[in-house]
Amino acid sequence: MLELSGFRVVETLGSNEEVSLYRVTRIEDGQSFIVKTTSDSYAGSDTTAAFEYEYERLQELNGRGALLPYRLEVSGDRPVLFLRDPGGTTLDQVMRTRRVSFKLQELLETAIAAADCLCQIHHQYVTLHEMTPFYLMVNDNLTEVKVIDVRSSRVEGEQHPVSRSQGRSDSFLPYLSPEQTRRTGMMPDYRTDFYALGAILYEWFAGSVPFLSQNAMNLVYHHLAATPEPVSTRNKSIPRMVSDIVLKCLEKMPEARYASAYGIKSDLEECLVQLRIFGKVQAFSLANHDISERWIVSEGLIGRHAEQQALLQALQRVSEGAHEVIWISGEAGIGKTALVRETLRGAVPAEGFFIAGKFESTSYTRPYEIWAQAIEQMVAHLLMVNPLQAELWKLRILDAAQGCGQLLIDLAPRMSLLIGEQPVVENLPPAEAQTRFYSVMNRFFQLFLGQGQPFVLFMDDLQGADEASIHYLRHLLMDEATKHLLIVGAYREQELLPLHPLNGLMKQLEEQGTPIKQIHLTAYDHAALRMMLGPVMQGAADRIDELISVLLQKTEGNPLILQQFLQDLWSHRLVTFDERSRIWEWDVQRITERNVPDYVAESMADSLKQLSDQAVHVLSAAALLGKQFDLYTLSAITGHTKDQLMEFMQSAVVQRLLQPIHGMRMNYAFQHDRIRQSAYETVSEQERTRLHMEIGLLLAQRMNAGEGISVFEVLSHLNPAAQALVLQGKRRELAEMNLQAGLEAKRSADREASLVYLRLATQLLEEEGWDSCYSLTFQAYQERAEAEFLCANFAGAHDLFHLILEKAATDIAKAQACLMLIRMETNRDRFREVIALCVKALGYLGISYRLNTRSSDLLRQWLRVRWKLRKIAVESFEEYPQ
């Protein structure tokens with residue numbers, strides 16, 4: 001029992017896993033208070049901080065929808081929050097003790113009071129994020145409801161300063177919205193409160209929560225995928241319209257729910273009015289007075305119906321056995337990625353695959369980048385299936401690899417978790433190695449292509465594609481065994497240079513008859529903007545055309561710029577909601593005068609300024625990690641805990657800078673390349689180099705520990721910091737890694753990438769490398785010389801071969817150098833030089849050979865042969881092996 005000096009506990013109102021509620025009276029004057037404290041006698045620092053945050057938030061609300069705070073103190077080792085007592089008890093207690101005796105009118109009155117409570121809180125731009133019957137206080141006559149817990153609440157656009165590291169309590173699970181499960185890819189906004197209110201109202205009217213389960217995972221599944229039984233079915237006395245109101249609150253997609261708490265309240269009031277006048281509730285249209293009070297403009301696809309149908313029809317044909325290619329072009333921010341993801345990700349059947357990869361426009365892209373991403377995603381999926389299925393896939397992959405499984409592991413290191421360690425593959429000449437690699441890759445991907453099992457591979461930002469990835473795509477599509485495959489490639493045509501390999505691929509596929517469709521996305525027009533703004537600006541449709549004209553002039557209809565500009569108008573109060581008339585108002589003149597010459601960059605900078613200095617630093621470090629990043633690596637390079645980083649990420653998500661990765665709780669992605677670039681540019685050149693070095697060294701440690709990090713990923717950070725690493729005495733280590741990358745690229749038959757890394761390796765070793773680390777330097781120059789030759793840089797290769805010949809320390813090494821020169825000159829049809837080099841190589845091996853022999857020597861040799869063959873008939877030669 002709680003003991004407080006100067007107070008007497010009158011009754012216990014209830015408790016859950018986190019907090020306990022009491023009614024107490026002050027002994028000196030009999031004043032009554034509601035007291036909330038932790039259920040545990042000891043509270044950690046995070047819990048205490050949450051109570052302090054809640055006290056400040058309650059003071060700001062000042063009784064609007066929530067109990068008035070009196071004071072906060074610490075008693076023993078736990079915080080104690082005193083609240084003004086309005087009388088009554090918790091809604092939870094009312095449900096358990098008195099609900100069955102209530103008539104429909106009383107049930108409706110309390111439901112209206114609950115909606116009004118939420119309406120008042122939302123008017124202050126506060127989202128609760130956590131509502132249960134236990135956290136709602138109802139007065140004695142059941143006509144007023146107040147919230148008693150706002151520890152999880154957030155003010156729109158602000159970062160929650162307190163980490164709720166303990167997570168959600170089990171008692172909240174029945175009221176959890178789909179987006180709060182973190183499995184939908186959507187971040188919770190104010191509409192998540194409508195779902196929780198819907199679950200509470202369901203329990204209030206039906207007598208039980210929407211989904212009955214003792215299993216947490218089962219509850220989560222039902223919130224994501226199941227439709228609750230209508231309230232009117234579970235409780236026959238509840239009118240269908242009341243049931244429909246509750247079910248609208250419980251829609252899975254936030255945009256399908258009510259847009260405002262006022263809309264919920266209005267519909268419940270309509271039910272009560274009809275009940276009082278007619279004695280029953282008749283059918284009426286829901287949401288007649290439901291206008292969003294928050295500036296949330298739809299980010300869904302607007303005016304892209306034809307393009308969506310083209311994608312879906314292609315998917316259907318692929319399911320039946322075809323293989324097709326769809327190219328999607330358009331400028332940055334036009335919505336290419338959104339079109340593909342929102343159309344196809346949910347349309348691909350469970351038996352199929354939707355794989356999405358993105359090219360990074362950097363100088364250190366690893367060869368076959370997109371294919372590595374695809375295999376990594378497929379392996380992640382296969383590792384999640386049951387052990388028997390995983391073992392079956394392992395056997396199928398090993399059979400397809402035909403002893404060359406290491407090639408798949410080299411490309412996607414996580415493959416080793418599925419198929420185990422594999423034997424080293426035999427070294428082959430470049431052309432043969434490429435043929436072998438392509439064959440292994442084809443057989444691997446074709447394992448996943450089957451009837452009714454379409455495989456969709458989305459390649460984003462193809463303008464940054466490496467040549468090796470394009471070459472292999474051509475090979476896969478030309479294979480007659482490739483069926484049930486849909487390739488969707490998105491690119492910015494204005495960034496596609498004439499000699500880009502994608503142009504050649506497009507032409508070749510068209511010539512060979514591969515089914516191809518080209519989709520070009522254009523900017524939004526006037527009609528599309530009407531579709532976008534119409535749901536938000538209900539009641540202002542007659543005035544919206546002038547605003548749309550200004551928006552088109554300012555943004556040219558680019559969806560990304562448009563979204564950011566609209567958000568900017570809201571934050572600067574150029575667009576406001578009038579609560580009295582319940583319509584949106586705007587100042588066209590001020591919007592027209594707003595100067596936006598480089599709006600996107602300015603908007604990004606403004607959004608970053610909304611974050612704390614720590615959050616900006618974290619985001620800039622994340623920008624160095626790439627378009628996507630994980631909090632484990634980010635924690636290691638920033639020194640912040642994962643819980644702290646989660647708070648920073650949430651604030652960035654609120655500012656529309658980041659989005660969580662679907663199904664991966666600790667992974668995030670920048671909303672757009674321009675956002676990442678803005679974050680990247682906040683870091684000074686010196687700090688950027690330091691961070692690149694830290695990230696690279698960390699990834700190198702993880703690579704050496706066998707954590708599935710590729711050497712290309714490591715070098716994407718270490719090579720930009722090469723000068724700093726050289727100063728730290730790590731020249732040789734960096735050269736070794738670049739040599740390793742060059743050899744791996746060579747094994748993957750990506751000659752151009754191999755040459756980039758081998759050039760860096762030799763530049764790092766320089767002249768003194770021949771004395772300080774001869775073996776490494778010899779190998780690096782030897783491999784580079786061959787790579788220069790394979791990339792048709794014959795003059796450079798010739799100079800390097802002669803340098804190697806000059807620097808070689810042994811006759812064997814010189815003979816090897818001659819052998820490489822012989823191959824090069826043979827391919828160039830320079831046979832006189834070949835003969836001379838052969839003589840030189842033989843000389844290094846101690847073999848004397850005279851090229852210009854006398855006629856007498858030739859006659860002598862001919863007579864010897866003739867003598868040895870004297871008893872052998874010419875016809876018998878056919879019996880000898882060839």
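**A surface patch, two cores and helix 9**

In this predicted model, F877 counts as partly exposed because its relative accessibility is 41%, a value between the 20% limit for buried and the 50% limit for exposed residues. F877 lies in the segment that follows helix 37 (855-868). Together with V865, L869, I872 and V874, F877 makes a nonpolar surface patch of about 420 Å².

The interior may be considered next. In soluble globular proteins, nonpolar side chains tend to be buried together. The largest nonpolar core here has 81 residues, and those touching the most other members are L108, W204, F205, I264 and L268. Helix 3 (residues 104-123) supplies the largest share of this core, 12 residues. Leaving aside residues up to four places away in sequence, L268 touches L108, A111, I112, A115, L201 and I245. Another core, of 63 residues, lies apart from this one; F629, A679, I695 and L743 are among its members.

Helix 9 (residues 305-319) permits a check of its geometry. With 15 residues at 1.5 Å a residue, helix 9 should span 21 Å, and the distance of 21 Å between its end C-alpha atoms therefore agrees with expectation. Its buried residues are E307, A310, L311, A314, L315, V318 and S319. An α-helix has 3.6 residues a turn, so residues three or four places apart point the same way. The cover over the buried residues of helix 9 includes helix 10 (336-344) as well as strand 11 (323-329), strand 13 (455-460), strand 14 (485-491) and strand 15 (516-520). After helix 9 comes G321, with a positive phi near 130°.

Definitions and conventions
Residues are numbered from 1 along each chain as its sequence is written. This is a predicted model: local features need pLDDT of at least 70, side-chain atom pairs count only at pLDDT 80 or more; totals for chains, interfaces and linings use all residues. Side-chain values use heavy atoms; hydrogens and water are left out. Helices (H or I, at least four residues) and strands (E, at least two) are DSSP runs, numbered from the N terminus. The expected span of a helix is 1.5 Å times one less than its number of residues. Buried means under 20% relative accessible area, exposed over 50%, partly exposed in between (1.4 Å probe, protein chains only). Contact means heavy atoms within 4.5 Å. Patches are made of residues with over 30% relative accessible area and no salt bridge: like charges are joined within 9 Å, nonpolar side chains (Val, Leu, Ile, Met, Phe, Trp, Tyr) within 5 Å. Accessible areas come from the Shrake-Rupley method with a 1.4 Å probe; for residues, only the protein chains shown count as cover. A salt bridge is a side-chain nitrogen of Lys or Arg within 4 Å of a carboxyl oxygen of Asp or Glu. A nonpolar core is a set of buried Ala, Val, Leu, Ile, Met, Phe, Trp, Tyr and Cys residues joined through side-chain atoms within 4.5 Å.
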